[in-house]
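Trainee: I am new to this structure. Please pick one part of the core and look at it closely, then lead me outward from there.

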Amino acid sequence: MRVTTDTTEQPPVVPAPAAGDAHSAYATEPAWWTSAVVYQIYPRSFADADGDGVGDLRGIIDHLDHLTALGVDVVWLSPIYRSPQADNGYDISDYQDIDPLFGTMGDFEELLAGLHARGIKLMMDLVVNHTSDEHPWFVESRSGRTDPRRDWYIWRDPRDGREPNNWGSFFSGSAWQLDEATGQYYLHLFDVKQPDLNWENPQVRAAVHAMMRWWLDKGVDGFRMDVINFISKVEGLPDAQPSEGQEFVNAFAMFADGPRMHEFLAEMHREVFAGRPGQFLTVGETPGVRTEQAVLYTDPRRAELDMVFQFEHVSLDQSPTDKFTYAAPAPAAVKASLYRWQEALGETGWNSLYWDNHDQPRAVSRFGDDDPQWWQASAKTLATILHGLRGTPYVYQGEEIGMTNYPFASGADLRDVEVVNYLAGLPSKGVDVESALHGIGKITRDNARTPMQWDDGRYGGFSAVSPWLPANPNTAWLNAAAQVGVAGSVFEHYRALIGLRRSVPVLALGSFAAIEEYAEDAAIWAYTRSLGGARLLVLANAGRDPRTLRVGQDWVGAGLLLGSGVEADRSLASETVELAGWESRIYLFE
Ligand code: TEU
């Protein structure tokens, strides 16, 4: 068997400590999060305890046993702060309060204590590229050109009576909004109700650091940082390269991974985490990030972030100029991308591993096969593929039971600000909604946001009343109650994989190597992990046709650690392995 570039076996350690840095206790052993699995909760869609059709903190408290059964180490909670909910809480009007929609600060404290009592850490969502336009900071800032907080946001004069530059918003149209009263435009990379903070202003940075310390003092264990690589914009905010036929353009080059990013992150680490006792986790959401930058962000010696979410493997099925135009990815492109990230961050840095989150369509519909005959096998095999890799796996609510995309039949079914704004812009482009619905249905974030499917009851056990977004009709057979404790289920496969990450060091820390024979094969994922004398072999058939794989003499005798099928032999008797459609296995040789 030949392998491609091998990577080092050195696991990341926590940063070289500054004098008095409490992290020094861990400086000689792998960071705790190298063997952790994170579970993401999108509170609005997890469980509704107060019967208003929207999920809440009490609903999470009521389902802590589900998390314990799954065995996760950390919960990442999507925003629960006070918010007008223009972008489901990613538009924050008070960073230090809980939105009444979700409950009270008392509920939050009870949730935190409940998680800690189960040995689960809590990671908050930190949304500081922008605030809500209803945040008092912005209300003051827009009150007049000489207001002391004017410079907390990004205000510019009109250019030739129009927007200051050609940047487009992620949520359609220009990234600039005119404020009639003061005659200037403010920048909003996302919705008009999400003005961008001006990170060039040291007072803004100090206010964010103080807020982060306040949450750490409360006992939270870290932050997932929303679009954190957008906080440093290119000086002068120049026009971006225009793309054909577009009035407002994707201006990534002008604000992603900008000039002061590393400085801002190192400062944040110093001001918030350095010297603080405890075990924390920081993960930066970094759309468009390339491997070279990701290595810098996550090099422990630089003390910036522990890991980042990269977007390459979840962008391959979208047209670069129009997110909602579905473009089938080239065969094996997703695999090639993830392998490349494994190799690039093999020596320095650390990967976060995900198929799903609240912004992505459901993995089993997107990367697997949601035909009822293949749904279960493909959901399990996608899990094997991801959880076999080197990095920290993230499980998004519902992924652990194989939840699928929603069958959106009309524009009226859609709720998300991104897609609603997009639909509103279609007529001016001469496109009708029905013809665009195919692509939209595959990509829209609403797929991820339908209610968690707890049981086969009305509304999937999510709520006693009609939920804010309808439950998927397949909740009748696809639900947690039908899977927890049921041998062979998707849930039990996730539980097994999560347990192995903690108990099998080579799974957490082993170096990655792709098996070259199958690198170009569209259906086959075949790679190894090694640590000292221990070796893992991960084999997955991402297709319906059965396959016979040659793995080489040196794997004969390896023991089956976990299989997705039912009939796999306990050990490898020959150098060939027969995999059924969508079957996967992990073998261990020690
Ligand atoms: O998302 C940032 C982001 O760039 C995309 O993933 C986004 O979902 C969109 O699809 C771009 O087309 C983060 C949050 O995860 C998302 O929920 C927020 O809406 C957004 O930032 C703004 O805070």
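Mentor: Start at Tyr394. Setting aside residues up to four places away in sequence, Tyr394 touches Val38, Trp76, Met123, Leu281, Val283, Met307, Phe309, Ser352, Leu353, Tyr354 and Glu399. Keep in mind that this is a predicted model.

Now widen the view. Tyr394 belongs to the largest nonpolar core, which has 137 residues. Five members touch the most others there: Phe108, Trp215, Phe223, Trp355 and Tyr394. The element that gives the most to this core is helix H5, residues 202–218, with seven residues. There is a second core, separate from this one, with 19 residues. Ile154, Leu187, Val227 and Ala240 are among them. A general tendency fits here: in soluble globular proteins, nonpolar side chains tend to be buried together.

Stay with Val227 for a moment. Val227 sits in the loop between strand S9 (222–225) and helix H6 (252–255). Its relative accessible area is 3%, so Val227 counts as buried. Its backbone deserves a look too. Most residues other than glycine have a negative phi. Val227 has a positive phi, near 30 degrees.

Ala303 is another case. Ala303 is not a glycine, yet its phi is positive, about 50 degrees. The place of Ala303 is the loop between H8 and S11. Its relative accessibility is 18%, and the limit for buried is under 20%, so Ala303 counts as buried.

Asp299 lies in the loop between helix H8 (291–298) and strand S11 (307–309). Asp299 counts as buried because its relative accessibility is 10%. A polar atom of its side chain lies 3.0 Å from the backbone nitrogen of Arg301. Asp299 also touches Thr348 and Gly349, leaving out residues up to four places away in sequence.

Next, Arg276. Look in the loop between helix H7 (261–273) and strand S10 (281–285). Arg276 has 16% relative accessibility, so it counts as buried. Its side chain reaches the backbone oxygen of Val272, at 3.4 Å.

Turn to the ligand. The shell around it holds 19 residues. Asp87, Asp226, Lys323, Asp359 and Glu418 come nearest. By type, the shell divides into seven nonpolar, three polar and nine charged residues. Three side chains can be followed to ligand oxygens. Asp226 has a polar side-chain atom 2.7 Å from an oxygen atom of the ligand. For His358, the distance from a polar side-chain atom to a ligand oxygen is 2.9 Å. For Glu285, that distance is 3.1 Å. How much of the ligand is covered? Taken alone, the ligand exposes 490 Å², and the protein buries 95% of that.

Now move to helix H13, residues 433–443. Ala436, Leu437, Gly439, Ile440, Gly441 and Ile443 are buried there. What covers these buried residues? The cover includes strand S12 (318–319), strand S13 (322–326), helix H12 (417–425) and helix H14 (446–449).

Take Gly439 from that helix. Gly439 has a relative accessible area of 8%, so it counts as buried. Its contacts, leaving aside neighbours within four places in sequence, are Phe324 and Tyr326. Gly439 and Asp317 are 122 residues apart along the chain. Their C-alpha atoms are separated by 10.0 Å.

Strand S12 is part of the cover over H13. Ser319 is found in this strand. With a relative accessible area of 17%, Ser319 is buried. Its side chain reaches the backbone nitrogen of Asp322 at 3.2 Å. Apart from neighbours within four places in sequence, Ser319 is in contact with Thr325 and Ala327. Ser319 and Pro329 are 10 residues apart in sequence. In space, they are 9.9 Å apart, C-alpha to C-alpha.

Go back to Tyr394 and trace the route again. Begin with the core of 137 residues. Pass to the separate core that includes Val227. Then find the ligand and the 19 residues around it. Finish at H13 and the elements that cover its buried residues, S12 and S13 among them.

Technical notes:
Residues numbered from 1 in each chain as written. Predicted model: local features only at pLDDT ≥ 70, side-chain atom pairs only at ≥ 80, totals over all residues. Heavy atoms only, no water. Near = heavy atom within 4 Å. Polar contact = N/O pair within 3.5 Å; in protein donor to acceptor, adjacent residues only side chain to side chain. Areas by Shrake-Rupley, 256 points an atom, 1.4 Å probe, with all protein chains shown as cover. Nonpolar A, V, L, I, M, F, W, Y, C, P; charged D, E, K, R; others polar. Helix = DSSP H or I, 4+ residues; strand = E, 2+ residues; numbered from the N terminus. Buried < 20%, exposed > 50% of the residue type's maximum accessible area, 1.4 Å probe, protein only. Core = buried A, V, L, I, M, F, W, Y, C linked by side-chain atoms within 4.5 Å. Contact = heavy atoms within 4.5 Å.
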